[in-house]
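These are my notebook entries on a structure that I looked up step by step. I set them down in the order in which I took up each topic.

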Number of protein chains: 2
Amino acid sequence: MSTPATGPRDALTDVRGLRVGHAQRTGGGWLTGVTVVLAPEGGVVTAVDVRGGGPGTRETDALDPRNLVQRIEAVVLTGGSAFGLDSASGVAEWLEERGRGFPVGPGRVVPVVPAAVLFDLGRGGEWSARPDRGMGRAAVEAAAAGEPGAPVAQGCVGAGTGAVAGGLKGGVGTAAVRLASGTTVAALAVVNAVGSVVDPDTGALWGARRAWAAELGVDGAPLPADTVARARERLSAAQPPPFGTTLAVVATDAELTRAQAHRLAGAGHDGLARAVRPVHLLSDGDTVFAMATGDRPLVPADRPPPAGPVFGAQAAAGALDGILAAGADALTRAVVRAVLSARGVSGPGGTFPSYRELYGLQEGAEGRESADGQG
Amino acid sequence: MSTPATGPRDALTDVRGLRVGHAQRTGGGWLTGVTVVLAPEGGVVTAVDVRGGGPGTRETDALDPRNLVQRIEAVVLTGGSAFGLDSASGVAEWLEERGRGFPVGPGRVVPVVPAAVLFDLGRGGEWSARPDRGMGRAAVEAAAAGEPGAPVAQGCVGAGTGAVAGGLKGGVGTAAVRLASGTTVAALAVVNAVGSVVDPDTGALWGARRAWAAELGVDGAPLPADTVARARERLSAAQPPPFGTTLAVVATDAELTRAQAHRLAGAGHDGLARAVRPVHLLSDGDTVFAMATGDRPLVPADRPPPAGPVFGAQAAAGALDGILAAGADALTRAVVRAVLSARGVSGPGGTFPSYRELYGLQEGAEGRESADGQG
């Protein structure tokens, strides 16, 4: 089995047809935003797995694989806690204008827009500064304006604008895996956890692995003892956030049933568990969506299963297992990239140093990328 | 075991502390509305069971008994399909202004407002005439303006304004049971089903029973054959609604855990199954919430269980079973009262005769009550 490679952009948009748009507002009490993942017209198979104890969601019941609506046009990740659910209305409005959604009559659609929120209230200083309908609309417009396969802005953008991860500045990260079969599996994470993304005893990111050192620029090895001690002191002085929520989308171009997509969302939570400790707390609303565009058969045509139903089922299970493992890895890596892309923020809502800043690492390509970015 | 009696109002408000408010708009293309069940300040234990295949919901994941938020201030039932979810934002706004919601910091709350929608788009003629934030706010204001224990308007009000049940006009109904123990169990239903509330072979309402004839004014006996034949002809000429959704709240003043409340919501679906056939279709989004105010111990103090943990558990199970059975019955009866309270509508969005009209029954007290009504 050959080692999976990253996708060309190492981003969610490596899954052909998916677009990502961010909208955010900073300054004047604001530090929040919205990220929209926009499917190609007609929608894609979508599932959700809610594992945090404090979720804020909308239209997640529709995603139960037993239920009617088969395909989803857009998924919304938003700041603003429960208030931020309004941003999904702006996305629904935009979709309806374009006749995109569940068809309910001649020329009539109801866009089913699943959404999940993260807690970032007050991070910019003003408690009432929350994403609204207009910001949701701006995010989906930003997504639509992008080319397919466009790079995805990381760091303090979109729903990651006000994100904090265990006292460090959080944000948006993305990563993609290209399997030997040619199937792409990718993830986008908005890291805003009560738990920590860093091992306080070594300064290494929990999600970093030697094998990913080339892609990530960090290798998971312990940092110098004095750096670790200084960081520890500074972190322990900071107030940990009372509420979190890491939101994510895991996606693939493989053809999955809705039940299989649900499993992919679950695999994403495994990837999250490797990058955030503790995770899935009662005070987190950790939610992972899965989207499957169905561009490629689950079992590639040039690798047909042996004849017979049992072998066929085994081949499908094997192919799905490969996608699940890749989805978990992509999400772990997306969390690491989010943290490495974030820049520290100090303002009326608090001081949230970046990981790079706290551990004396150079701001790398990722960090610079995050300063520009669409939306 | 004595026969349960109805509550004094035979309404959801017989559960002390719960208030009901309706807001609606009719005419000029409109035929839709919102119904809010408002808990006493501090909230009540709330659960949800989504059994329809086409649900539109918000904040239902927060109600999972494993999750953080323990008490809910208000539940929203709304027309407008997925678009109607906006009305919950108006309720959240009103609650936040009063400092009611999940506490997240000094003087700071996030109101978690579970909501479910029903499909009534276009019933008033105008596709874009849907409940919005303002209508949600109006409904919660109407609820707050009512006295505790106030009568609840039934029929074509609130979320039932545009409701249709298998070609007949649907609406809001409510009923309450007072158990011999003194515990109250009540229900409110917004009947808007693809399936039928009436047995086409007899003209009797599925949910009607001889034992309830005094409360309902109908006894479940077959109507005259010529009436049944005429009604059948007229109904078969009508277009059945493509999408439905019956929404309900079942409530009790007993002290329930969140998991027990989940079971009460499930019992509500049994009551629904007895009143609507077929029910829980893919094209319905049937959703039942349960609310438990906790005013009374589950096992009344004057009926202590025999000593020993097993007997205690049995007593609790027995008490809960009584509440579950009463909840199912209350919801069945609420559906019947909704249908009996509805008045026929004929407008640009279609003609929906009432059950009373179609089967030549006098408009009774219920029907007259429904013409006035708060909100």
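**Entry 1: the largest pocket.** I began with the largest pocket, for which I noted a volume of about 780 Å³. I then listed the residues closest to its centre: of the 31 that line the pocket, these are Asp61(A), Asp64(A), Asp61(B), Asp64(B) and Arg66(B). I recorded that the model is a predicted one. For the character of the lining, I counted 11 nonpolar, 10 polar and 10 charged residues. I also looked up which strands take part: β4 (45-50) of chain A and β4 (45-50) of chain B each supply at least two residues of the lining. Of the contributors, β4(A) gives the most, with 4 residues.

**Entry 2: the two chains.** What operation superposes chain B on chain A? I found a rotation of 180° with 0.0 Å of shift along its axis, and the RMSD is 0.0 Å. The two copies are therefore related as by a two-fold rotation axis. I noted that Arg58(B) is the residue of chain B that comes closest to this axis, its C-alpha lying at 2.1 Å.

**Entry 3: a sheet in chain A.** I traced an open sheet of 6 strands in chain A, in the order β1-β12-β13-β14-β15-β4, with mixed pairing. Its edge strands are β1 (5-6) and β4 of chain A, each of which pairs on one side only. I followed β1(A) to its partner, β12 (residues 171-178) of chain A: the two run antiparallel and are joined by 2 bridges. Within this pair, Thr6(A) stands opposite Val177(A).

**Entry 4: a hairpin in chain B.** I turned to β2 (residues 19-27) and β3 (residues 30-38) of chain B, which pair in the antiparallel sense over 9 bridges. Arg25(B) has Thr32(B) of β3(B) opposite. The hairpin has 2 residues between its strands, and I noted that Gly28(B) takes a positive phi near 60°.

**Entry 5: helix α1 of chain A.** Is this helix largely enclosed or open? I found 9 of the 12 residues of α1(A) buried, so the helix is largely enclosed by the rest of the structure. Among the buried residues are Asp86(A), Val91(A), Trp94(A) and Leu95(A). I also checked the length of α1(A), residues 86-97: at 1.5 Å a residue, the helix should span 16 Å, and the 17 Å between its end C-alpha atoms agrees. Just after α1(A), Gly99(A) takes a positive phi of about 65°.

Terms used
Residues numbered from 1 in each chain as written. Chains lettered and ligands numbered in written order. Predicted model: local features only at pLDDT ≥ 70, side-chain atom pairs only at ≥ 80, totals over all residues. Heavy atoms only, no water. Pairing = 2+ DSSP bridges. Expected span 1.5 Å × (residues − 1). Buried < 20%, exposed > 50% of the residue type's maximum accessible area, 1.4 Å probe, protein only. 1 Å grid on protein atoms, 1.4 Å probe; cavity = no way out; pocket = protein on both sides within 12 Å on 5 of 7 lines; lining within 4 Å. Points joined across faces, edges and corners; volume = space filled by probe spheres on them. Nonpolar A, V, L, I, M, F, W, Y, C, P; charged D, E, K, R; others polar. Least-squares fit on C-alpha atoms with pLDDT ≥ 70 in both.
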